[in-house]
Amino acid sequence: MKRAFLLAGVAVLSGCVTAEQLDKIYGSQTPPTAAERAAAVAYVKSTFYDPYSIRDASISNAVTLLETGYRSICVRFNAKNRMGGYVGMTSTSLRFQGAAIVSSLQDAPGCNTARLTYSPFPELENL
């Protein structure tokens, strides 16, 4: 199942999607729901080494992937690594089915497009 999501993400990023399809994807942006925001916080808390050190956190609007209907949200932040130093801004793409995360991809290239709208994510900074 995770492989299918990864392949769908690669198809979007590799140019297999037309400009019109990209316009439709990025035109479908909506703010993440409260349940999606809470799931993103829970994911980061359970996955990252030191989630309590997170600063400069932001969350993207959700986009709907055309063929699958899944929603994708990116989370960006700066956090400490195991050596205790900040590593710089990293991004993680989260794929949702309803309010449940079904897959994730760290340092996802799709999270760095200027067409994706981000807003502050204070819930993640105030753990």
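Which loop holds Asn-61? Select Asn-61 and you will find it in the loop between strand S1 (55–60) and strand S2 (63–64). Strands here are DSSP runs of E with at least two residues, helices are DSSP runs of H or I with at least four, and both are numbered from the N terminus.

Before going on, a word about what is on your screen. This is a predicted model, in which local features need pLDDT of at least 70 and side-chain atom pairs count only at pLDDT 80 or more, while totals for chains, interfaces and linings use all residues. Residues are numbered from 1 along each chain as its sequence is written, and side-chain values use heavy atoms, with hydrogens and water left out.

**Stop 1: around Asn-61**

Keep Asn-61 selected. Asn-61 counts as buried because its relative accessibility is 16%; buried means under 20% relative accessible area, exposed means over 50%, and partly exposed is in between (1.4 Å probe, protein chains only). Now show what Asn-61 touches, where contact means heavy atoms within 4.5 Å. Beyond its neighbours within four places in sequence, its contacts include Gln-29, Pro-31, Ser-72, Ile-73 and Leu-116.

**Stop 2: strand S3 and its partners**

Next, select residues 71–80, which form strand S3. Eight of the ten residues in S3 are buried. Two strands pair if DSSP finds at least two bridges between them.

- Add S1: S1 and S3 run antiparallel and are joined by three bridges. Look for Ile-59, which stands opposite Val-75 in S3.
- Add S2: S2 and S3 are antiparallel too, with two bridges. Here Thr-64 is opposite Arg-71 in S3.
- Add strand S4 (residues 86–97): S3 and S4 pair in the antiparallel sense over nine bridges. One place to look is Asn-78, whose bridge partner in S4 is Met-89.

While you follow these strands, remember that side chains in a regular strand alternate between the two faces of the sheet.

Now visit the turns. The hairpin of S2 and S3 has six residues between the strands, and Gly-69 takes a positive phi near 80° there. In the hairpin of S3 and S4, with five residues between the strands, Gly-84 has a positive phi near 90°.

**Stop 3: the salt bridges**

Side chains of opposite charge can pair when their charged atoms come close. A salt bridge is counted when a side-chain nitrogen of Lys or Arg is within 4 Å of a carboxyl oxygen of Asp or Glu. How many salt bridges does this rule give? The count is three.

Start with Arg-115 and Asp-23, whose side chains meet in a salt bridge at 2.5 Å, N to O. Arg-115 sits in the loop between strand S5 (100–106) and strand S6 (118–120), and Asp-23 in helix H2 (residues 19–27), so you are looking at distant parts of the chain, 92 residues apart. Arg-115 is partly exposed at 38% relative accessible area, and Asp-23 is partly exposed at 43%.

Return to Arg-71 and add Glu-36: the closest N and O atoms of this salt bridge are 2.7 Å apart. Glu-36 lies in helix H3 (residues 34–47) and Arg-71 in strand S3, so the pair ties together parts 35 residues apart in sequence. Is Glu-36 buried or exposed? Glu-36 is buried, with a relative accessible area of 2%.

Finish with Glu-123 and Arg-37, which form a salt bridge at 2.7 Å, N to O. Glu-123 belongs to helix H4 (residues 122–125) and Arg-37 to helix H3, so this pair ties together parts 86 residues apart in sequence. Glu-123 is partly exposed at 34% relative accessibility, whereas Arg-37 is buried at 17%.
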